[in-house]
Amino acid sequence: MKLRGLRQLAWSEFKLNLREPAMLFWALAFPALWMSLFGAIFKEPMPGFGYQGLSYANFLLPGGIGLVILASAFIGMPITLTTYRQTGVLKRLRVTPLKTSTLALGVTISQFIFMFLGIVVLFVVGKMFFDVQVLGSWAALIGVTVVGMITFLALGSAIGSVTRSPRAANAITMMIFMPMIFLSDMFLPISMLPAGLQPICKALPLTPLNIVLRDIVYGVPLSELWQLGIMAGWLVSGSLVTLKFFKWE
Amino acid sequence: MGIVVECEHVTKRYGDLIAVNDLSFSIEEGEIFGLVGPNGAGKTTLIEMIEGLRTPDSGSIKALGLDTTKQDGELKERIGVLLQTTSIQPDIKVKEALKLFASFYRHVPDNTEQLLRTLSLEDKADSRFKKLSGGLKQRVAIALALVNDPEILFLDELTTGLDPQARRNMWDLVENISTQGKTVFLSTHYMEEAEKLCDRLGIIDYGKIIALDTPGNLVSDLGGESKVTFGIEDKDIDASRFEVLEAVSRVEKLEDGFKLYTGDENTTLQELVRLADREELKVSNLRTESSNLDDVFLALTGREMRE
């Protein structure tokens, strides 16, 4: 594998993401806006979260991280994959010595850089206006965040694999994206939702990410760590769908 | 001059369709070789097999001494390719694309600026690909094909979809590239383009090369018959008056004139002018047409080559 090619590819894909208005808004601006809005309106998490009495600012951070990951993976991956397929970019790349594995890795790395940027923006806003703190282990925070990134990238690839055009991918993304924000224990506690809906909420991939990240940020014992298993389930399903349906041309 | 591409009994099928049928030919170093034929004749399939993108069902292809199916990795380092439809990331800037593509190769000359100059793309270096016109996109695609300073340049349907001016610019460009000693392999369905550019060309139809020679030889092999066409005022004049002119083999009566088929255009013209002078015939719209590659295609296949 040529490192120069990988580096250039990851960097240019990252820059291309920066030129995508949907990515800029949903993955960079929206999570920070969301945090600012809720931080300005509410002083405490809604009852039902079990974090009453603790710093409210810290309640906002994990949800924001989840939003960055969700938006970047669900918008960026499908756009890249469908555009590559529709315009024949890959065929052009196939007559260069670039290997498909290098290409896949480059696209993944570019997504990682983009998510990292979104999380940095979130931290800066959180620090400036709400004095957020990570009370638990940074290593755990980073570790779980990376697991979240990989899981959602696999799901984003799955969306990009089963849809034909960037437009169709976008429609599916928005259909999943919006409800997921409300149903994933982010600012509305699942216990407040109708009983029939609750099992579905708990099975969504964003829910365990929110719950575990929140425990880490608050520095409380990680009793819900098993929930990462739900994410692993999504990771496997997303990968299988991608492998089954993915076509470059 | 060595041989840079050699195809031996190459066949490729798609289901029942034989796209390339037991085809053998070779390309010499430094020449501009053209593959001409109607759409669906097998041009793209053949080119993409030589580029290592597709595998022949039988037969063997060697390019630059490399087996195109087993050593395609090495081959791709040394060739430049313009696909029939090239597209790159819509939002990428021209200069970024050149840098990105250059990073895929082992040896790259540091020639981004020079490439932009050669292709007159300097003012477009910071433009996004999707904002460019068709002609400019094609220039970018050629620049990308040249980043690794390839030994063979493949140009599939170089000028399809371009306006006449852009097409002529492309021709100049290809001649320019060729003078730098690169072998150029192009495909086209424009006979005019093949005639203008190619040192040698193969005419391909239904997956077979039905003729292969220099454009000049292909035309002269037809027998070199030319046509002299003119209008005449006197509607009653008889065709036999022209049949006796020297070198004329056949006379065709047109609505308001005649068409003479001749083996010697010059003599026939002189005789015609003398005859008109002598008999005070009012000849107008006099023009001659030499045979061209379209006639060659017609003679070989019995069909017109449609665009």
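This report describes a helix of chain A, a sheet of chain B and the contact between the two chains in a predicted model.

## Helix α5 of chain A

Helix α5 of chain A covers residues 100-130, and because each residue should add 1.5 Å, its 31 residues should span 45 Å, a value with which the 44 Å between its end C-alpha atoms agrees. The helix is followed by D131(A), whose phi is positive, near 50 degrees.

## The sheet of chain B and its helix

In chain B, four strands form an open sheet in the order β12-β13-β11-β14, and their pairing is antiparallel. The edges are formed by β12 (248-254) and β14 (283-289) of chain B, each of which pairs on one side only. With direction ignored, neighbouring strands of this sheet are turned against each other by 15 degrees on average.

Strand β11 of chain B, residues 226-232, pairs with β14(B) in the antiparallel sense over five bridges, and V228(B) has T288(B), in β14(B), as its bridge partner. Helix α10 of chain B, residues 265-279, lies across β11, β12, β13 (257-262) and β14 of that chain and runs at about 20 degrees to β11(B).

## Contact between the chains

Where the two chains meet, 22 residues of chain B are in contact with 19 residues of chain A. On the side of chain B that touches chain A, the elements that give two or more residues are α2 (72-78) and α3 (94-102) of chain B, and α3(B) gives the most, with four residues. By class, this side of chain B has ten nonpolar residues, together with six polar and six charged ones.

Notes: Residues numbered from 1 in each chain as written. Chains lettered and ligands numbered in written order. Predicted model: local features only at pLDDT ≥ 70, side-chain atom pairs only at ≥ 80, totals over all residues. Expected span 1.5 Å × (residues − 1). Pairing = 2+ DSSP bridges. Axes fitted to C-alpha atoms, helices over the stretch in contact; angles between N-to-C directions. Contact = placed C-beta atoms within 7 Å. Nonpolar A, V, L, I, M, F, W, Y, C, P; charged D, E, K, R; others polar.
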